[in-house]
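Here is a friendly walk through a protein chain, told strand by strand. Please keep the model open beside the text as you read.

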Amino acid sequence: MADEAQSLTGPDLTQGFEPARLNDGELLLGHANGEAVVIAKDAGECFAVSAKCTHYGGNLARGILVGGAIRCPLHHAEFCLRTGEVLTPPALDPVKSWALEIACTLSAKPSASAPHK
Ligand code: FES
């Protein structure tokens, strides 16, 4: 059976990614620490789960988002985006999920209208 998610393609997600790159409902295939990972943006929130379906290795980056879940393109198992748990068979085992860290960089500069002391 297909095992499309074996090769690592796309960005190294440990180096960060810009959430604004994804539109709602889009998927991004990348990798983290040697594993294929798919980032999904659903209802304005980003989630990270394994790109490899636990059933027969379907590439979840080619799946679709359905109400907080990602559906495998091969046999339509669905996994919760938040936890990776199986919501719809035929998969029996959950996919790995990752917590995403939100980081921001601030730089302070005086605004044009700020009073100077
Ligand atoms: S490979 Fe994903 S449901 Fe079968």
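Tryptophan 98 counts as partly exposed, because 16 other C-beta atoms lie within 10 Å of its own; a residue is called buried at 20 or more such neighbours, exposed at 12 or fewer and partly exposed in between, with C-beta atoms placed from the backbone. This tryptophan belongs to strand β8; strands here are DSSP runs of E with at least two residues, helices are runs of H or I with at least four, and both are numbered from the N terminus. Beyond four places in sequence, tryptophan 98 touches Ala32, Val37 and Ala48, a contact being a pair of C-beta atoms, placed from the backbone, within 7 Å. Its C-alpha atom is separated by 6.0 Å from that of valine 49, although the two residues are 49 apart along the chain.

A word on the source: this is a predicted model, in which local features need pLDDT of at least 70 and side-chain atom pairs count only at pLDDT 80 or more, while totals for chains, interfaces and linings use all residues. Residues are numbered from 1 along each chain as its sequence is written.

The pLDDT, which is the predictor's confidence in each residue from 0 to 100, has a mean of 87 over the chain, and 84% of the residues reach 70 or more. Residues 1-5 stay under 50, and the model has 14 contacts beyond four places in sequence for them.

Now the overall layout. The chain has eight strands and zero helices. Of its 117 residues, 31% count as buried. Among contacts with a separation of 6 or more, 32% come from residues 24 or more positions apart.

**The sheet that holds β8**

Strands β1, β2, β3 and β8 make an open sheet in the order β1-β2-β3-β8, with antiparallel pairing; two strands pair if DSSP finds at least two bridges between them. β1 and β8 (97-98) are the edges, each with a single partner strand, so one side of each has no neighbour in the sheet. β1 (residues 27-32) and β2 (residues 35-42) are joined by six bridges, and six bridges also join β2 to β3. Between β3 and β8 there are two bridges.

Some bridge partners in this sheet are set out here.

| Residue | Bridge partner | Strand of the partner |
|---|---|---|
| alanine 32 | glutamate 35 | β2 |
| valine 37 | serine 50 | β3 |
| isoleucine 39 | alanine 48 | β3 |
| alanine 48 | tryptophan 98 | β8 |

Alanine 48 is thus a bridge partner of isoleucine 39 and of tryptophan 98.

Which residues have a positive phi in the turns? In the hairpin of β1 and β2, with two residues between the strands, asparagine 33 has a positive phi near 50°. Asparagine 33 counts as exposed because it has 9 C-beta neighbours inside 10 Å. The hairpin of β2 and β3 also has two residues between its strands, and alanine 43 in that turn has a positive phi of about 55°. Alanine 43 is exposed, with 10 C-beta neighbours inside 10 Å.

**The other sheet**

A further open sheet of four strands has the order β4-β5-β6-β7, and its pairing is antiparallel. The edges are β4 (64-66) and β7 (86-88); each has a single partner strand, so one side of each is left without a neighbour in the sheet. Neighbouring strands in this sheet are turned by 35° against each other on average, direction ignored, where axes are lines fitted to C-alpha atoms, for helices over the stretch in contact, and angles run from 0 to 180 degrees between N-to-C directions. β5 (residues 69-71) and β6 (residues 78-80) pair over three bridges, and arginine 71 stands opposite glutamate 78 in β6.

After β7, the loop that leads to β8 holds proline 90. The peptide bond from proline 89 to proline 90 is cis, with omega near 25°.

**The nonpolar core**

The largest nonpolar core has 25 residues, of which Val38, Val49 and Leu60 touch the most other members. Such a core is a set of buried Ala, Val, Leu, Ile, Met, Phe, Trp, Tyr and Cys residues joined through C-beta atoms within 7 Å. β1, β2, β3 (45-50) and β5 each supply at least two residues of this core, and β2 gives the most, with five. Leucine 60 is in contact with Val38, Val49, Ala51, Cys53, Ile70 and Cys72, leaving aside neighbours within four places in sequence.

Note on methods. Two residues are in contact if their C-beta atoms, placed from the backbone, lie within 7 Å.
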